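Please open the model in your viewer and keep the sequence panel beside it, so that each selection can be followed in both places.

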Amino acid sequence: MLDAVYAEALKLRRHRATWLMVWIFPILAAVATIIAILHGMVTPSDPAAELPTAEKWLSSSAIFWMLPTQAGIRFLIAGFVALVFAGEYGWNTWKLIIPARARWQLIVAKWIVAFGFLLLAFLVADLILLLAGVLDGGIPEGVTFGAVLDTHLRAAGHTLLPIAFTIAMAALFAVLTQSILASVILSIALMIIEGLTPLLAVFAYQYLPAITEPLVRFLPFYHMGNVLGWAKGAGMQLPLGPDTVIAYSWGASLAILGAWTVAMGAATLLRFTRQDLN
């Protein structure tokens, strides 16, 4: 299994798509840091300016972790995962590597590498921007290493499941369609529906209330929005009608979203093990 992961990482680490969709985040963070440092060198500082409070500084230092939850970045994640999984069909390379490995190992290795590369890129970018914040304005009184670590770990933790869900969704579409373009289009379409869920649910409830409410509670779209809402401090309350308001706790939506992620992963494995790839 470790050999399969290593081989997958070796294949993808220098791929052009990896540079454009994964390593681009720390690269842009480094560029932004250099620009900020150069700007600070040529711009006179204001001695009367006060440092922000410790709480505000900690919160702003971890702002990068809001980025992976944004639709545009999740589009990039889906595109990268589509290439990782569906690319083998387009390159006709599955038949060359399947005899050497169990099929489940190949899929799991791709999941591990895709998630690991993305998480590594986000961690490095976050550290670079944190360093930039320290160099640019200093550290306010009351900020400790433990507080910084706790803040950034919490912020990162809120993004892990949305990233995993996006990976599982794009991987499933890749295996089902065997096409990079089709899997990207389907992933983006579902993420757009996810963003439109409040509007679509309220509209549909006027005509099919008995069906709309269970669907909203069961499907992952509302729960993704609710998890992301709790990451910002408040969950999503979705009023469908005068007497019907959908509001889940962070833990409940996390469990439902996690179940959908596992289910999509199981469906990917099941479909892949039954495909004729000769």
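The tour below goes from the whole chain to its cores, and then to a helix and two glutamines.

**The whole chain**

Begin with the complete chain in cartoon view, bearing in mind that this is a predicted model. The chain contains 12 helices and two strands, and if you trace these elements from the N terminus, they follow the order α-α-α-α-α-α-α-α-α-α-α-β-β-α. Turn the C-alpha trace along its principal axes, and you will find that it spans about 70 × 55 × 30 Å. Of the 278 residues in the chain, 40% are buried, while the area that the chain exposes comes to about 14,900 Å², with carbon and sulfur atoms supplying 70% of it. Among the contacts with a separation of 6 or more, 80% are between residues 24 or more positions apart.

Next, colour the chain by pLDDT, which averages 87 over the chain, with 96% of the residues scoring at least 70. Among the elements, helix H6 (residues 94-97) has the lowest mean value, 77, and H12 has the highest, 94.

**The nonpolar cores**

Now select Ile77, Val81, Phe85, Phe117, Leu118, Phe122 and Phe272, which touch the most other members of the largest nonpolar core, a set of 56 residues. Several helices each supply at least two residues of this core, including H1 (2-12), H3 (24-42), H5 (71-91), H7 (103-137), H8 (145-177) and H12 (250-273). Which helix gives the largest share of this core? That helix is H8, from which 14 residues come.

Stay with isoleucine 77 and show its surroundings: leaving aside its neighbours within four places in sequence, this residue is in contact with Pro68, Leu118, Phe122, Ile163, Thr166 and Ile167. Then move to a second, separate core of seven residues, where Ala201, Tyr205, Tyr222 and Leu240 are among the members.

**Two sides of helix H1**

Select helix H1 and show its side chains, starting with the buried residues, which are Ala4, Val5, Glu8, Ala9 and Leu12. These buried residues lie on the same side of H1, because they cover an arc of only 130° around the axis. Rotate the helix to look at the face turned away from this buried side, and you will meet the exposed residues Leu2, Asp3 and Tyr6.

**Glutamine 105, beside the start of the chain**

From H1, go on to glutamine 105, which is found in helix H7. Is this residue buried or exposed? Glutamine 105 counts as buried, because its relative accessibility is 16% and the cut-off for buried is under 20%. Apart from residues up to four places away in sequence, glutamine 105 touches Met1 and Ala4. Draw a line from the C-alpha of glutamine 105 to that of alanine 4: the two are 6.9 Å apart in space, although 101 residues apart in sequence.

**Glutamine 275, after the last helix**

Finish by selecting glutamine 275, which is found in the segment after H12. With a relative accessibility of 5%, glutamine 275 counts as buried. What does its side chain reach at 2.8 Å? The side chain of glutamine 275 reaches the backbone oxygen of valine 175. To complete the view, display Tyr89, Arg103, Val175 and Gln178, which glutamine 275 touches when residues up to four places away in sequence are not counted.

Conventions. Residues are numbered from 1 along each chain as its sequence is written. Side-chain values use heavy atoms; hydrogens and water are left out. A nonpolar core is a set of buried Ala, Val, Leu, Ile, Met, Phe, Trp, Tyr and Cys residues joined through side-chain atoms within 4.5 Å. Buried means under 20% relative accessible area, exposed over 50%, partly exposed in between (1.4 Å probe, protein chains only). Helices (H or I, at least four residues) and strands (E, at least two) are DSSP runs, numbered from the N terminus. Contact means heavy atoms within 4.5 Å. A polar contact is a pair of N or O atoms within 3.5 Å; within protein, one must be able to donate a hydrogen and the other to accept it, and residues adjacent in sequence count only if both atoms are side-chain atoms. The arc is that of the directions from the helix axis to the C-beta atoms. Accessible areas come from the Shrake-Rupley method with a 1.4 Å probe; for residues, only the protein chains shown count as cover. pLDDT is the predictor's confidence in each residue, from 0 to 100.
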